[in-house]
Amino acid sequence: MLWIKALHIIFITSWFAGLFYLPRIFVNLAQETPGPTTERLLLMARKLFRFMTMLAVAALVFGLVLTWMQYRSPDGMKLPGWLHAKLTFVVLVLGYHHACGSLLKKFERGVNTRGHVFYRWFNEVPVLLLVAIVILVVVKPF
């Protein structure tokens, strides 16, 4: 179980690194005029999003295995409340990941309508989600 926890943490950390960096690329794309720099940023964003998605899948698989192991434990038939809350935040992180993919497609089509300030604020969302998840997992408030 400890190996699975370690792998889960490694993949979560890697996935979140991408979730922190991709919106920073969006900030730069929102400030650029079309040209070679824009193409380079789009290429970086596409590659990062693809890699992030693979990391997210691995993180989710190991997380589901951990949840299943908790469910299979003697007292596991009743999952703790903090785990339900954590899973809710994980669904929100998945929604954020999906939103990043949608925004990337808009940049690729050249139909982005939002400015760099929006993306600077958008970049803070995964920080708040990560803080909530870590507090729930470490403190287990309920």
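A pocket is an open set of grid points with protein on both sides within 12 Å along at least five of seven lines, and its lining residues have an atom within 4 Å of a point. By this rule, helix α3 gives the most to the lining of the largest pocket, with 8 residues. The structure examined here is a predicted model.

The overall fold comes next. The chain has 5 helices and 0 strands. From the N terminus on, its elements run α-α-α-α-α. Taken along the principal axes, the C-alpha atoms fill a box of roughly 60 × 25 × 20 Å.

The UniProt record, an unreviewed entry, annotates a "transmembrane region" at residues 6-27, 48-69, 81-100 and 121-139. Two of these spans were examined in the model. Residues 81-100 are 100% helix and 0% strand. The end C-alpha atoms of residues 81-100 are 29 Å apart. Residues 121-139 are 89% helix and 0% strand. For residues 121-139, the end C-alpha atoms lie 27 Å apart.

One helix pair was considered in detail. Helix α1 covers residues 2-31, and helix α5 covers residues 125-139. The two pack at an angle of about 150°, and their axes are 9 Å apart. Angles over 145 degrees count as roughly antiparallel, so α1 is roughly antiparallel to α5. On the α1 side, F16, L19 and F20 make the contact. On the α5 side, the contact is made by P126, V127 and L130. By class, this contact has 6 nonpolar residues, with no polar and no charged ones.

Attention then turned to the open spaces. Rolling a probe the size of a water molecule over the atoms shows where empty space is left. The largest pocket has a volume of about 800 Å³. A total of 29 residues line the largest pocket. Of these, H8, L66, W82, K86 and V137 lie nearest its centre. The elements that give two or more residues to this lining are α1, α2 (36-72), α3 (81-109) and α5. Among the elements, α3 gives the most, with 8 residues. The lining divides into 21 nonpolar, 5 polar and 3 charged residues.

Two of the lining residues also appear in the UniProt record. The unreviewed entry places the feature "binding site" at H8 and K86. These two residues span 79 residues in sequence, yet no two of their C-alpha atoms are more than 14.1 Å apart, so they gather at one spot. Both H8 and K86 belong to the lining of the largest pocket. H8 has its place in helix α1.

The second largest pocket has a volume of about 200 Å³. Its lining is made of 13 residues. Nearest its centre lie L29, P34, T38, F107 and G110. Helices α1, α2 and α3 each supply at least two residues of this lining. Here α2 gives the most, with 3 residues. By class, the lining of the second largest pocket has 6 nonpolar, 4 polar and 3 charged residues.

The two pockets can be set side by side. In the largest pocket, α3 gives the most to the lining, whereas in the second largest pocket α2 does so. The lining of the largest pocket has 21 nonpolar residues, and that of the second largest has 6. Charged residues number 3 in the lining of the largest pocket and 3 in that of the second largest.

Key
Residues numbered from 1 in each chain as written. Predicted model: local features only at pLDDT ≥ 70, side-chain atom pairs only at ≥ 80, totals over all residues. Heavy atoms only, no water. Axes fitted to C-alpha atoms, helices over the stretch in contact; angles between N-to-C directions. Helix = DSSP H or I, 4+ residues; strand = E, 2+ residues; numbered from the N terminus. Parallel < 35°, antiparallel > 145°, perpendicular 65-115°, else oblique. Contact = heavy atoms within 4.5 Å. Nonpolar A, V, L, I, M, F, W, Y, C, P; charged D, E, K, R; others polar. 1 Å grid on protein atoms, 1.4 Å probe; cavity = no way out; pocket = protein on both sides within 12 Å on 5 of 7 lines; lining within 4 Å. Points joined across faces, edges and corners; volume = space filled by probe spheres on them. UniProt positions renumbered as here; feature names shortened; annotations may be inferred.
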